[in-house]
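Work through the exercises below with the sequence and the 3D view open beside you. Each task sentence is followed by a solution that goes step by step.

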Amino acid sequence: MQDALRGRSFAVLMGIAFIALDQLIKLLALFSLQATTFRFGSSPVNMALELSLNPGAFLSLGAGLPTRVKQLIFIVGVAAVVCWAGYWAWKNWNHSLPKAAPLFLIALGGAGNLIDRVFRDGHVVDYMVVNVGSLHTGVFNLADIAITLGALLLMVDLFKKPGNV
């Protein structure tokens with residue numbers, strides 16, 4: 001049973017489910033958060049759900065670039081990275097899971113945001129903000145969490161000493 005859960009077919013099914021969930025949540029955000037914000041938690045720590053259509057990357061970086069440049073970077077460039085990361089993860093899943101799984105997370109998150117860009121006029125649907133007192137994150141989504149988690153797992157693997165498991 002454990003081998004089946006580690007197999008490539010299971011990973012692909014989970015990836016499809018993740019992308020479907022990401023898109024479903026974004027649709028819910030588009031319809032439910034048009035004119036309202038929800039807060040969960042107490043002051044000073046809470047999470048806000050608020051709609052933001054991000055035309056750029058992390059913290060709206062690149063939002064002011066010309067449309068053609070944004071399309072080249074955020075659609076063509078991201079598509080190339082998603083394809084490469086997904087292919088590499090697929091090819092190496094059974095041999096190097098500590099590197100393949102994080103790259104697969106990055107590919108899944110990138111694919112979720114890429115779908116937004118293609119079908120939502122170059123924008124990504126963001127809807128979560130974490131607030132701690134006067135500090136807060138940028139607005140993000142489930143796909144961003146997958147990308148961040150994948151990058152963190154790759155960094156942990158990179159700095160792990162050889163021979164340590």
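Helices (H or I, at least four residues) and strands (E, at least two) are DSSP runs, numbered from the N terminus. The model is predicted, so local features need pLDDT of at least 70 and side-chain atom pairs count only at pLDDT 80 or more, while totals for chains, interfaces and linings use all residues. Residues are numbered from 1 along each chain as its sequence is written, and side-chain values use heavy atoms, with hydrogens and water left out.

**Exercise 1. The overall plan**

Task: State how many helices and strands the protein has, and give the pattern that it follows along the sequence.

Solution: Begin with the count, which comes to 5 helices and 4 strands. Next, read along the sequence, where the pattern is α-α-β-β-α-α-β-β-α. For the extent, take the principal axes, along which the C-alpha atoms fill a box of roughly 50 × 40 × 30 Å. Finally, turn to burial, where buried means under 20% relative accessible area, exposed over 50%, and partly exposed in between (1.4 Å probe, protein chains only). Buried residues make up 33% of the 165 residues in the protein.

**Exercise 2. Annotated spans and helix α4**

Task: Find what the chain does over residues 102-119, and check the span of helix α4 against its number of residues.

Solution: First consult the record: an unreviewed UniProt entry carries the annotation "transmembrane region" for residues 12-33, 45-65, 71-90, 102-119 and 139-159. UniProt positions are given in the numbering used here, feature names are shortened, and annotations may be inferred rather than shown by experiment. Then look at the model, in which residues 102-119 are 100% helix and 0% strand, with end C-alpha atoms 26 Å apart. Residues 71-90 are likewise 100% helix and 0% strand, and their end C-alpha atoms lie 27 Å apart.

For the check, the expected span of a helix is 1.5 Å times one less than its number of residues. Helix α4 (residues 97-119) has 23 residues and should therefore span 33 Å, and this agrees with the 32 Å between its end C-alpha atoms.

**Exercise 3. Salt bridges of helix α4**

Task: Work out which parts of the chain are tied together by the salt bridge between D116 and K26, and which residues join D116 in one network.

Solution: Start from the term, since a salt bridge is a side-chain nitrogen of Lys or Arg within 4 Å of a carboxyl oxygen of Asp or Glu. The structure holds 5 salt bridges, and in one of them the side chains of D116 and K26 meet at 3.0 Å, N to O. Because D116 lies in helix α4 and K26 in helix α2 (residues 8-32), this pair ties together parts that are 90 residues apart in sequence.

Now follow D116 to R120, with which it forms a salt bridge whose closest N and O atoms are 2.7 Å apart. R120 is buried, with a relative accessible area of 17%, and D116 counts as buried at 0%. Salt bridges that share partners join D22, K26, D116 and R120 into one network.

For another pair, take D157 and K99, whose closest N and O atoms are 2.9 Å apart in a salt bridge. D157 lies in helix α5 (residues 142-159) and K99 in helix α4, so the pair ties together parts that are 58 residues apart in sequence. D157 is buried, at 13% relative accessibility, whereas K99 is partly exposed, at 38%.

**Exercise 4. Two asparagines**

Task: Decide whether N113 and N131 are buried or exposed, and list their contacts.

Solution: N113 lies in helix α4 and is buried, because its relative accessible area is 11%. Contact means heavy atoms within 4.5 Å. Leaving aside neighbours within four places in sequence, N113 is in contact with K26, V124, N141, A143, D144 and I147.

N131 lies in strand β3 (residues 124-132) and counts as buried at 12% relative accessibility. Not counting residues up to four places away in sequence, N131 touches R39, P44, V45, N46, A48 and H136.

**Exercise 5. The residue D121**

Task: Locate D121, and say what sign its phi has.

Solution: D121 lies in the loop between α4 and β3. Most residues other than glycine have a negative phi. D121 has a positive phi of about 55° although it is not a glycine, and this residue is exposed, with a relative accessible area of 69%.
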